[in-house]
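This report describes how a ligand is held by its protein and then turns to some local features of the backbone and side chains. Please read it alongside the sequence and the structure shown here.

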Amino acid sequence: MAYAAFRSIGAYVPEKILTNEDLAKMVDTSDEWISKRTGIKERHIAAKDEFTSDLGVKAAQKALDRSGVALEDIDMVVCATISPDYFCMPSTATVISTKLGMKNVTAFDISAACTGFVYILSIAKAFIESGMKKNVLIVGAEKLSAITDYSDRGTCILFGDGAGAAVISATEDKSEAIIDVHTGADGEYADLLMTPNGGSGSAHDAVDVEAGSCFMQMKGNETFKVAVRTLTKDVQEILKENKVASDDVKHFIPHQANYRIIKAVGDALKMREEQVVLTVAKYGNTSGASIPMAINDIYESGRLQAGELMLLDAFGGGLTWGSALVPFSPKK
Ligand code: COA
């Protein structure tokens, strides 16, 4: 049987930084309020002519270079994004694959909001274990600034742009294998976090769309509570089902939405401070890109070594949620 190994990681953030002080000049807020309630200090914002695919390509190139897998051996590209280059088509994964110079690959996007990276990890794992694909490039890429309302202080303080990517490859060595991936969704909570306009389900007219009404809207307080409850339960389950103790986890890498959510879940799981990976202060919430960006951070700072076990968890619009137990398994 083929197993799926997490071979490499890469990430990219655009140059421009938007600080809390910058936001305080745009809406009624302050660095103190944002820092205290979210842990965020700054986020990166893509240039006008820099698309989600451009961020994804730069992250993917790094992951490919570090994977030891030749470009022509990648047989599938999956992109998790809620801010695709184009509204319906082509998919951002297709654009990324072409910009990377790939020919004749399977390429598609998935929409699972901030849980996107965990979803594409599960897709890569399933395709590889079934024998249908051998090397899958997964990319979480977001230009959330394009769908953020910068007059709404409840949301604009949270989000940023960036991308992260990983190469997942077939292996026969079980010790290298991704152990498990959980994914879930409950549409009953759809109205907590959504972009209500712009799709076929909205009673909009062209004027609304042109005026930019396709922005994210959020019930922050309720989202916070559901997130802590759902994540804690899901992560406890994945650990129990796989007989993994919190102590066996070297790096707990949660979706970077809010420091207080991460702390509440980390405490419930009895994670020690040194296990918890935190990047929310410098990147804000980059949705489907946040987990691979965080993995890349510990990789580039030398904290992530071959064989170490990562525990990922995420939640997002939908609502969606997921978790994964993933050993870091670069090619030997
Ligand atoms: N600056 C200053 N004050 C603000 C503010 C801002 N940016 N945003 C909201 N407020 C005010 C509110 O108007 C409210 O004022 P009031 O008490 O006079 O009515 C007060 O702060 C408290 O608002 P509340 O919404 O209860 O704050 P909170 O502690 O829940 O923090 C969030 C708000 C958005 C930071 C928090 O709810 C959160 O992070 N939720 C999760 C969101 C999330 O992670 N979403 C992504 C999912 S992937």
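In this predicted model, an N or O atom in the side chain of Asn258 lies 2.7 Å from an oxygen atom of the ligand. Taken alone, the ligand exposes 960 Å², and the protein buries 72% of that area. Two further side chains make contacts of this kind, Thr29 with a nitrogen atom of the ligand and Arg153 with an oxygen atom of the ligand; the distances are set out below.

| Residue | Ligand atom | Distance |
|---|---|---|
| Thr29 | nitrogen | 2.7 Å |
| Arg153 | oxygen | 2.9 Å |
| Asn258 | oxygen | 2.7 Å |

These three residues belong to a shell of 22 residues that surround the ligand, and the closest members also include Arg37 and Asn221. By class, the shell is made up of nine nonpolar, nine polar and four charged residues. Several elements of secondary structure each supply at least two residues of this shell, namely the helices α2 (31-38), α7 (220-241) and α8 (259-268), together with the strand β12 (309-316). The space that the ligand takes is the second largest pocket.

Away from the ligand, the side chains can be examined for ring pairing, and the count comes to two aromatic pairs. In one of them, the ring centres of Tyr299 and Phe328 are 5.8 Å apart and the ring planes stand at 70°, which is over the 60 degrees required, so the pair is classed as edge-to-face. Because Tyr299 lies in helix α10 (residues 290-300) whereas Phe328 lies in the segment after β13 (320-327), this pair ties together parts that are 29 residues apart in sequence.

The backbone has some features that merit inspection. Most residues other than glycine have a negative phi, and most peptide bonds are trans. Against that background, the peptide bond that joins Met89 and Pro90 is cis, with omega at about -5°, and Pro90 is placed in the loop between β4 (76-80) and α4 (92-99). A cis peptide bond also runs from Gly318 to Leu319, where omega is near -15°, and Leu319 is found in the loop between β12 and β13. Asn104, although it is not a glycine, has a positive phi of about 60°, and this residue is located in the loop between α4 and β5 (106-110).

Note on methods. Residues are numbered from 1 along each chain as its sequence is written. This is a predicted model: local features need pLDDT of at least 70, side-chain atom pairs count only at pLDDT 80 or more; totals for chains, interfaces and linings use all residues. Side-chain values use heavy atoms; hydrogens and water are left out. A residue is near a molecule or strand if one of its heavy atoms lies within 4 Å of it. A polar contact is a pair of N or O atoms within 3.5 Å; within protein, one must be able to donate a hydrogen and the other to accept it, and residues adjacent in sequence count only if both atoms are side-chain atoms. Accessible areas come from the Shrake-Rupley method with a 1.4 Å probe; for residues, only the protein chains shown count as cover. On a 1 Å grid over the protein atoms alone, a cavity is a set of points where a 1.4 Å probe fits but cannot get out, and a pocket is an open set with protein on both sides within 12 Å along at least five of seven lines; lining residues have an atom within 4 Å of a point. A molecule sits in a cavity or pocket if more than half of its atoms lie within 2 Å of its grid points. Helices (H or I, at least four residues) and strands (E, at least two) are DSSP runs, numbered from the N terminus. Ala, Val, Leu, Ile, Met, Phe, Trp, Tyr, Cys and Pro count as nonpolar, Asp, Glu, Lys and Arg as charged, and the others, Gly among them, as polar. Rings of Phe, Tyr and Trp (its six-membered ring) pair if their centres lie within 6.5 Å; planes under 30 degrees apart count as stacked, over 60 as edge-to-face and the rest as tilted.
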